[in-house]
Each structure stands twice: as structure tokens, then as C-alpha cells.
Amino acid sequence: MDSDQTTSAAVPEGGPALAGPDSALQTALRVIVMVLGTLGVIMAINQQFLLGLFGFQPLGNAYLYYLIGIFLALAFLTLPATTMNPQRFWWLNIVLAIAAMGSAGWLGFHGLDIIQKGWEYDAPLGADIAASVLIVLVLEGVRRAGGPILLFTALLFGTYPLYADAMPGFLWGTEYSLIGTVRAHVLGVESIIGIPMQVVAELVIGFVIFGSVLVATKGSDFFMELASALLGHSRGGPAKVAVMGSGILGSLSGSVISNILTSGPFSIPTMRRVGYPAHYAAAVEACASTGATLMPPVMGTVAFVMASFLGVQYSSIVIAAVIPAILFYVALLFQVDMYAARRGLNGLPRSETPPIWPVLKQGWPYLLSLAVLIFVLMGLRMEARSPYYASVVMLVATAFRKDTRLTLARAKALLLDISCNIANLVAVLAGIGLVVGGLSYTGVAGAFSRELLLYAGGNTALMLIAGAVTSFVLGMGMTVTACYIFLSILLAPALVQAGLNPIASHLFILYWGMLSYITPPVALAAITAANVAGSKPMKTGFHAMRLGMPLFVLPFIFVYDPALIMEGSWLQIIERVGLTVLAIWAITSAFESWIYKVGRIGIISRIAFAAGGILVLFPELTTSLIGAAVLVGVIVVNLGLGRRRAAVKA
């Protein structure tokens, strides 16, 4: 369910990436992956529900070490050492997997000793050896799962304690010896087993399982059919189906790339059938799937990390993200509808869209499980247990139909899917833990925030612009989670100290880091959709960026206007949401050169309409009213010009 660039919610075609020299070894490795993955999931359930299965209940940080050992081993078994030749070094993958389980398992066995005897500061030889082995394996895991840029980042900041005392000014920090650095990272509680890994262990695994169960039981098909039944016949219907279907599906899976791979093969060809060009169809799917990171109730891994950093319940993040996420999809619907209106694109024939009631009747298991998820998550405030309950309900409810029940083949695919997804997450977040630890142990994180606040002179706009640029650049080479964690340590404290809302500040960083999905040169979501559509990747990327333009503006608005993150009275919230929808409509109308009931507009009207929309966005009511007056003026003028042209023609 993760939103990271490197994480896919589907097992690589043909099974795990590790390929041996013969099919017998491949089969054996698949079995090992499923067994280890099942063991890890059972351990997570045992820990979450305090079951004490077989008398096993890890003490201290033992659970985290065991989890790292299992899923880091799976990362070596499912991610190739080199993408150029995945079958090469297959034997090394097995060696590394055994080493990961051995070193992490030894540390887990002594988990209570690590805490009680202060091994972080003075450890026996065995602990030093196990810690040294594990830190090397973590670096190799983050290289495979996150790529060379994330590896470089982990190395740079992970080794920072070694040379922090030689750095100038606010970059100066506490110096550590080599063995002291290793102990701090592996045996301490602020690095490899810090907040990112704790979030995975306590919260994310359940939501990964929920997302995988949703796909395995064909929930994705239901939500696309539901969107088609509601919007497929309308003007430009297939594009609206892509927006709505990907929004709903993404809200439950939280994964951008898997969303594209799941819904794209259906939505993109259907869009092309009614007249959308290939690059535009791919851009729509890329933007709609990118919203998976924004859309509650699940969102992505980064939302759980955010809740931990802020010290609030996950439900607080969900509530704050609802309005910005809906506004993002409203903007997409406006744009695809205006595009269709301007080009005369129709929807699908009624005969090709399913009736709504039969779709709802067949999809009741997914709606029921969604209701259970939301009730337990928001009503009972049991965030960690909610996805497990919802997954069980979905599995039981879908067992009544032959085409959705979990057969043996689907169960195997489900276990592989869960194993691969969690392995990717653990490999990435263990490496990110080195960044967190390096900045935390040296004290540089706090110094950087204070210095940034001092240089900005309390100018929040300047800090936000700097943060937006930094998030955007880092998002090109790092996963969204890595980018967020890095800046939440360095930038977010300065924004909060400057007087901005804490949740809004953290969401701001998340949204800007996420823009790399749809913005060239990286634009991973756009490139993935382009591959499905057969369009040019860069052309698709630029169109996706244009479609996602409201996302560039929204973060600045909700940072200054907390009503958009549900902070304030209901009257204030309704007022600001209404004005923001009006502003988004005006801005998208300017982009698409089309105003409802008016038709095409010229360049001067487009500029004036966009300016009016921007004025409406400002939190001050006077400015919003001036902007609304500009919009009315442009509409009146264009209606008058239209009547004059009609009279001349007559």
C-alpha cells in the first residue's frame, strides 16, 4: 500500500525477482518467500493482538529486530542485486538473506539485554559483530529497494557522526567513533529501529495486507465498474471513470504505481476510444493514481510516519487530508470535463456501462469491509487493528462468490504480494532510519531548523518556497517517504516555530515531495502510465504536470488557511471550501480555455479568469470577493461578445 516510488503492490511477473539457474530452485525460493512472509505476518498479528502464540511474545525491541531480519531477508530474495541481469549473483542473495536473519535474530534474542544493560553505549563483542553485519546489510537493502541516490543519502547522513565535529557553523555536531556510530544506529532507538520502522511494525503491515486482499479478491474491478456505472455515459465519461475509480481504489490501497498497473489497462484504452489522445489519457491516469497518496482513509506509508512524528492519532491526519484530497480530484474532474466539452468528446453508450444497482449488489463485500475499516479506524480509534478486521470481513464476504473467493492459487499470489510489499518497505525505511539517526544523534537537526528560522527572519512565505523547492528536488531522487522524513526533521520544526499549523506544515512537505510522480524528468507515475498507453513518456509527463497544477497551489493555501484541513468552525470550513472550489473551477477554466455556458474564451479572458481565481483563493474575504467580481465580469463580457457575434451572423 505504500506510496513510494519503488514499491509496487504487485509481485513481479513470474514471481519474485530472484531467479536461480533452474526452475526447481525458483519454485523452492517462492516457497521460502511465502513461508517467511507468512511468519512475519503472523508475528505482526501476534504482537498487535497480544496473542502470545506458542508462548512467544518478544520483549523490548526484539520484535523490531525479528521483523527486520525476516523482511530484509525477503528483500534480498525478491530484489535482484543488479537489474541488468537479475539471475546473476543468485547465490549471494541467499547468503545475504541468511546473514540478515542471523544478525537481526541474534539481536532480537538479546533485545531485552540491549535496553537493560545499555548496549547502545557499551556492548559485548557479539553485539558489535551482529550490529556491524546488520548495518552493512541495511545499506545493501536500501540500494536495491531505493536506488543509488537513496543509498548515497543514507551513507552521507548515516556516517555524519564520524565527521560532525569537523563541520562549520550550525552543521557542527557531536562526534562519535566508528563503533560508537554503529552501536547508536543499530542498538539505539532513533535510527534503524526508530520511528519509521516502528510505524511499519505497528501500523503499516496491516494496511499492506488490506490493500493486497482488496486486489486479490478483485475489489479493484468493482470500484472501476462502480465509477463506470456512475460516470461512464457522461461527457468524456471514461476520463471521469479513471479519475473516480483510481481515487476510490487508491484511497484503499495507498499505492500510486500499483494503482496505475491495476486500473490503467482498463481506463486508458477506454479513454482513447472516445477521443482522448494517448498522452492525455495516460496523464489523467497518472494524476488520478498520484492522488492515492492524498486520499483517506488509507493514504500511504508516509501518513502513518507523519502521525508518529506529530504525536497525534492517525485519524487526525485522515481528517486533515480529506478536503485537500477531494479538491485535487474535483480539479481533475473539472479539467477532463472541460477538455471533453471543448473537443466535443462523448461518453460511452448506455449499453456499455453497467447498471448501478447490480454493481452495488455484487460489490457489497467491499463496501462492507470499507465501512468496517472506517468505523474501527475513526469510531473505535483502533488504527492498528482496523485493517486486520476489514481484511477478515472482506475475505469472508467474498467467499460466497466463486469469482472472488480466495482459491489456493490466489492465496499463493496474495502471500507473495504481501511479502514483496513489506520487504520493500522494510528495506527502504531501515535505510531512512540511518538518516534520522545521523541527524538526531549529532544534534544537527535542531540546529538546522533554528538557523533556517533565523535566516528567513520569520518570513513564512520564504521558508515555504524554500521548502517546496527542496521537497520537489529531493522527490526526484528519493521515495516520497524518504523525502518527507528528511524534511520533517530539518524543515517542519522551523515552519511550526514560525507559527504555522503543525499538521498543515507536514502535509505541505508531503504534497510537494509527491509532485515528482507527475513532473519531468522523473515523473514515475506518468512514465508508468505512458508505458501502458504507448505514448511518449516526457510528453505524458508534461501533460500530467499541467493536469496536476492545482496541487502546486493547494499546499500554500491550506498552510495559511487551516479551515481547509478542518481547523475552525463549520461555517468557516464550508465558506473556504466553497470559495476554493470556485477558485479551482476558475483556474481550470483558464487552463482549458472554456467556461461553462459561455464556451471558448480568448487569451485575455483566460488571464483575467485565472487572476480572479487566484484572488478568490486568498483567505481574506475582501480579496475573495474582488476575485469573484472579476470572474463575473469576464463571464458577462464574454456572454455579450457571444450575443454580438450571433447577431452579426444572423
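The following paragraphs describe helix packing, the nonpolar core and several loop residues in a predicted model.

Helix α15, which spans residues 314-343, is a convenient starting point. Two packed helices are described by the angle between their axes and the distance between the axes. For helix α11 (residues 237-253) and α15, the angle is about 165° and the axes are 9 Å apart. Because angles over 145 degrees count as roughly antiparallel, α11 is roughly antiparallel to α15. The crossing of these two helices is right-handed. On the α11 side, the contact involves Ala 239, Lys 240, Val 243, Ser 246 and Gly 247, which meet Tyr 329, Leu 332, Leu 333, Val 336 and Asp 337 of α15. Sorted by class, the contact of α11 with α15 consists of 6 nonpolar, 2 polar and 2 charged residues.

Helix α15 also packs against helix α28 (residues 570-592), at an angle of about 35° and with the axes 9 Å apart. This crossing, too, is right-handed. From α15, the residues in contact are Ile 323, Leu 327, Ala 331, Phe 334, Gln 335, Met 338, Tyr 339 and Arg 342. Their counterparts in α28 are Ile 573, Val 577, Thr 580, Val 581, Ile 584, Trp 585, Thr 588, Ser 589 and Glu 592. By class, the contact of α15 with α28 has 11 nonpolar, 4 polar and 2 charged residues.

Attention now turns to the interior. The largest nonpolar core comprises 211 residues, and those with the most contacts inside it are Leu 72, Val 186, Ile 192, Ile 205, Tyr 276, Leu 439 and Leu 507. Helix α15 supplies the largest share of this core, 18 residues. The surroundings of one of these residues can be listed: when residues up to four places away in sequence are not counted, Leu 439 touches Phe 157, Val 444, Ala 445, Phe 486, Ile 489 and Leu 490.

Several loop residues deserve separate comment. Gly 147 is found in the loop between α5 (125-146) and α6 (148-158). Its relative accessibility is 17%, so Gly 147 counts as buried, the limit being under 20%. The C-alpha atoms of Gly 147 and Val 428 are separated by 9.4 Å, although the two residues are 281 residues apart along the chain. Gly 602, in the loop between β2 (599-600) and α29 (603-617), is partly exposed, with a relative accessible area of 37%. From C-alpha to C-alpha, Gly 602 and Leu 487 are 42 Å apart in space and 115 residues apart in sequence.

The remaining loop residues concern backbone geometry. Most residues other than glycine have a negative phi, and most peptide bonds are trans. Leu 50, in the loop between α1 (23-48) and α2 (62-78), has a positive phi near 50°. With a relative accessible area of 62%, Leu 50 is exposed. Lys 218 lies in the loop between α9 (195-216) and α10 (219-231), and its phi is also positive, at about 65°. Lys 218 is partly exposed, with a relative accessible area of 32%. The peptide bond from Pro 296 to Pro 297 is cis, with omega near 10°. Pro 297 belongs to the loop between α13 (278-290) and α14 (301-310).

Methods
Residues are numbered from 1 along each chain as its sequence is written. This is a predicted model: local features need pLDDT of at least 70, side-chain atom pairs count only at pLDDT 80 or more; totals for chains, interfaces and linings use all residues. Side-chain values use heavy atoms; hydrogens and water are left out. Axes are lines fitted to C-alpha atoms, for helices over the stretch in contact, and angles run from 0 to 180 degrees between N-to-C directions. Helices (H or I, at least four residues) and strands (E, at least two) are DSSP runs, numbered from the N terminus. Angles under 35 degrees count as roughly parallel, over 145 as roughly antiparallel, 65 to 115 as roughly perpendicular and the rest as oblique. A crossing is left-handed if the near helix is turned anticlockwise from the far one by less than a right angle, and right-handed if clockwise. Contact means heavy atoms within 4.5 Å. Ala, Val, Leu, Ile, Met, Phe, Trp, Tyr, Cys and Pro count as nonpolar, Asp, Glu, Lys and Arg as charged, and the others, Gly among them, as polar. A nonpolar core is a set of buried Ala, Val, Leu, Ile, Met, Phe, Trp, Tyr and Cys residues joined through side-chain atoms within 4.5 Å. Buried means under 20% relative accessible area, exposed over 50%, partly exposed in between (1.4 Å probe, protein chains only).
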